[in-house]
Amino acid sequence: MERKTISHLCFALLLSIIIMGISASVIGTLLTVFSLYFFGITSSDSFINGLMLLATALGLLLLYFSFKQMTKEIFAPRVEAKALPAKELTLVGLSGFGLSLFFAYLGIGLNSGISYLITGKFTSLSESSIVSNTLENSPLLPTLLYVVIIGPLLEELIFRKTLISKLRPFGYKTSILVSSVLFGAYHLNLEQFFYAAFIGIIFGAIYYKSNNIVYTYVIHACFNLSSVFLTQIQPRFPLFAIIFYYGLNLVGLIIFFVYGYQWIKEKPLETYYCVSQKDTWGNKGMIIFLLFSLVASIFSLVSTNFLH
């Protein structure tokens with residue numbers, strides 16, 4: 001049974017993501033039609049983007065409950081919460097910015113390359129950035145509500161509290177790596193896959209060592225808030241935005257290599273169930289989930305280029 005646990009978790013997450021996608025599309029369509037019919041708001045208005053964020057939040061809520069329900073039979077050992085010093089959390093949290101810039105540009109570059117193969121036209125890195133384009137074209141209040149409050153909370157409940165708790169019998173390394181890869185792949189786009197997987201390792205290490213979801217939620221919310229803040233100030237204060245963005249990543253990079261990397265490497269002393277690399281990464285659930293994520297990412301790029 002232990003050998004099939006990871007596969008079971010991957011299949012459950014895949015089905016939950018499909019449920020989320022369908023429900024968010026239906027809810028978003030209904031809200032859009034309602035707005036068009038009763039208020040005469042055109043589909044190009046940012047208000048519609050706000051409605052889609054609301055629909056996505058409701059879909060994410062369904063993802064959480066469906067994933068929790070589908071994995072309820074998988075054993076999760078009881079672990080007492082452990083307080084971590086504020087200084088330690090701050091340093092590890094800041095180290096999350098360390099390589100995120102590199103991984104973000106790696107994903108954006110892949111998006112740009114795939115777009116070129118599809119259309120034969122070169123798109124700049126800024127044009128290929130799904131995250132910044134989404135944040136810039138959405139109203140501020142719904143963006144803050146979803147990106148900073150609802151999204152991080154539900155994602156931490158799914159990928160840290162539920163997923164890592166179920167993976168904990170396999171030990172620290174397997175739990176962190178599997179949860180972070182699934183967290184990156186769940187975003188269904190190449191831009192977010194790499195840096196989400198990177199920060200997923202940091203969030204996972206914090207949760208595994210503390211068993212406290214509050215820590216990872218606050219750091220996750222701050223991480224997302226920095227992205228929203230950047231998109232808000234960039235049009236008015238481009239120089240400050242550049243200094244803020246690259247400065248934060250530079251500080252994070254230094255902290256990561258000086259402190260964060262070693263902190264993440266330190267494993268808790270525990271007994272765990274050994275699982276082979278084949279059972280971890282070569283199971284049916286993992287393979288199908290990652291293939292689904294890759295196909296969905298490419299399909300999203302094709303759709304975007306076709307619509308434009």
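This passage looks at the nonpolar core, one buried serine and a pocket in a predicted model.

The largest nonpolar core takes in 61 residues, and Leu13, Leu182 and Ile206 are the ones with the most contacts inside it. Take Leu13: once neighbours within four places in sequence are set aside, Leu13 is in contact with Leu63, Phe67, Ile158, Phe159, Leu182 and Phe289. Leu182, then, turns up both among the core residues with the most contacts and in the contact list of Leu13.

Ser16 sits in helix α1, which covers residues 2–39. With a relative accessible area of 0%, Ser16 counts as buried, because the cut-off for that label is under 20%. Leaving out residues up to four places away in sequence, Ser16 touches Leu63, Ser66, Phe67 and Met70. Leu63 and Phe67 also appear among the contacts of Leu13.

Then there is the second largest pocket, which has a volume of about 410 Å³. Its lining is made up of 17 residues, and Ile176, Leu177, Ile201, Tyr261 and Ile264 lie nearest the centre of the pocket. Three elements, α8 (172–186), α9 (190–210) and α11 (238–265), each give two or more residues to this lining. Of the elements, α8 gives the most, with 6 residues. As for chemistry, the lining of the second largest pocket splits into 13 nonpolar, 1 polar and 3 charged residues.

Definitions and conventions
Residues are numbered from 1 along each chain as its sequence is written. This is a predicted model: local features need pLDDT of at least 70, side-chain atom pairs count only at pLDDT 80 or more; totals for chains, interfaces and linings use all residues. Side-chain values use heavy atoms; hydrogens and water are left out. Helices (H or I, at least four residues) and strands (E, at least two) are DSSP runs, numbered from the N terminus. Buried means under 20% relative accessible area, exposed over 50%, partly exposed in between (1.4 Å probe, protein chains only). Contact means heavy atoms within 4.5 Å. On a 1 Å grid over the protein atoms alone, a cavity is a set of points where a 1.4 Å probe fits but cannot get out, and a pocket is an open set with protein on both sides within 12 Å along at least five of seven lines; lining residues have an atom within 4 Å of a point. Grid points are joined across faces, edges and corners, and a volume is the space filled by probe spheres set on the points. Ala, Val, Leu, Ile, Met, Phe, Trp, Tyr, Cys and Pro count as nonpolar, Asp, Glu, Lys and Arg as charged, and the others, Gly among them, as polar. A nonpolar core is a set of buried Ala, Val, Leu, Ile, Met, Phe, Trp, Tyr and Cys residues joined through side-chain atoms within 4.5 Å.
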